[in-house]
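Grab a pencil and try each exercise before you read its solution. Ready to take a chain apart step by step?

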Amino acid sequence: MLPKLTMKISHTGHERAKANKKFIKVLGWNERCLELHMVARDSFLKCKENFKCRYGIHYEKMKKSRTNFKKALKFCKETEIKIKKEKLLKSYAKNNKSDFCKDIKTLKKQIKKYLM
């Protein structure tokens with residue numbers, strides 16, 4: 001019971017701290033980064049439980065999981081336009097014209113902001 005309660009408290013604190021920062025949406029996060037982020041966070045917390053270890057199995061796992069997460073995040077940021085195009089193609093393939101037109105309008109607005 002106590003570990004579940006502490007996990008809930010720590011998660012609410014994390015979300016509160018997150019709410020104070022400016023939110024930046026990263027396209028492809030759910031598909032490519034979410035699971036890697038959870039693995040990296042869990043390995044960090046295990047390493048933290050071991051008094052912020054600087055060597056050993058937990059440290060190596062944390063280092064590797066962080067590297068994988070950072071690579072996936074970098075990939076998402078670099079291929080943002082490609083991901084947008086893929087999503088447009090998927091909405092067009094589904095024959096959902098209203099969603100497709102809506103996506104095109106938002107994309108045009110984003111391009112105008114980028115060019116100004």
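Below are five exercises, each with a worked solution.

A word on the ground rules: this is a predicted model, where local features need pLDDT of at least 70, side-chain atom pairs count only at pLDDT 80 or more, and totals for chains, interfaces and linings use all residues. Residues are numbered from 1 along each chain as its sequence is written, and side-chain values use heavy atoms, with hydrogens and water left out.

**Exercise 1. Work out the overall make-up of the chain.**

Step 1: Start with the secondary structure. Helices (H or I, at least four residues) and strands (E, at least two) are DSSP runs, numbered from the N terminus. Here you get 5 helices and 0 strands, and reading from the N terminus the order is α-α-α-α-α.

Step 2: Turn to the surface. Accessible areas come from the Shrake-Rupley method with a 1.4 Å probe, and for residues only the protein chains shown count as cover. The chain has about 10700 Å² of accessible surface, and carbon and sulfur atoms own 61% of that.

Step 3: See what is hidden. Buried means under 20% relative accessible area, exposed over 50%, and partly exposed in between (1.4 Å probe, protein chains only). Of the 116 residues in the chain, 17% are buried.

Step 4: Check how far contacts reach (a contact means heavy atoms within 4.5 Å). Take the contacts between residues at least 6 apart in sequence: 59% of them join residues at least 24 apart.

**Exercise 2. Find the buried face of helix α2.**

Step 1: List the hidden residues. In α2, Cys33, Ala40, Ser43 and Cys47 are buried.

Step 2: Look down the axis of α2. The buried residues fall within an arc of 95°, so they line one face of the helix. The arc here is that of the directions from the helix axis to the C-beta atoms.

Step 3: Flip to the other side. There Asn30, Glu31, Glu35 and Glu49 are exposed.

Step 4: Ask what sits over the buried residues. The cover includes α3.

Step 5: Step past the helix end. Phe51 follows α2 and has a positive phi, near 60°.

**Exercise 3. Which residues form the largest nonpolar core?**

Step 1: Get the rule straight. A nonpolar core is a set of buried Ala, Val, Leu, Ile, Met, Phe, Trp, Tyr and Cys residues joined through side-chain atoms within 4.5 Å.

Step 2: Apply it. The largest one has 7 residues, namely Val26, Cys33, Ala40, Phe69, Ala72, Leu73 and Cys76.

Step 3: Sort them by helix. Both α2 and α3 supply at least two residues each, and α3 gives the most, with 4 residues.

Step 4: Zoom in on Cys33, which lies in helix α2 and is buried at 0% relative accessibility. Skipping residues up to four places away in sequence, Cys33 touches Gly28, Phe69, Ala72, Leu73 and Cys76. The C-alpha atoms of Cys33 and Leu73 are 6.2 Å apart, although 40 residues separate the two along the chain.

Step 5: Follow Gly28 too. Gly28 lies in the loop between α1 (2–20) and α2, and is buried with a relative accessible area of 2%. Beyond four places in sequence, Gly28 touches Cys33, Cys76 and Ile83.

**Exercise 4. Describe the aromatic pair.**

Step 1: Know the test. Rings of Phe, Tyr and Trp (its six-membered ring) pair if their centres lie within 6.5 Å; planes under 30 degrees apart count as stacked, over 60 as edge-to-face and the rest as tilted.

Step 2: Count. The whole structure holds 1 aromatic pair.

Step 3: Classify. The ring centres of Trp29 and Phe69 are 5.7 Å apart and the planes meet at 85°, so this pair is edge-to-face.

Step 4: Place the partners. Trp29 sits in helix α2 (residues 29–49) and Phe69 in helix α3 (residues 57–78), 40 residues apart, so to speak linking distant parts of the chain.

Step 5: Compare cover. Trp29 is partly exposed at 24% relative accessible area, whereas Phe69 is buried at 14%.

**Exercise 5. Why do Cys76 and Cys33 make no disulfide?**

Step 1: Recall the cut-off: a disulfide is a pair of cysteine sulfur atoms within 2.5 Å.

Step 2: Check the distance. Cysteine Cys33 holds the sulfur closest to that of Cys76, but at 3.7 Å it is too far for a bond.

Step 3: Finish the search. The whole structure has 0 disulfides.

Step 4: Add the surroundings. Cys76 is buried at 1% relative accessible area, while Cys101 is partly exposed at 42%.
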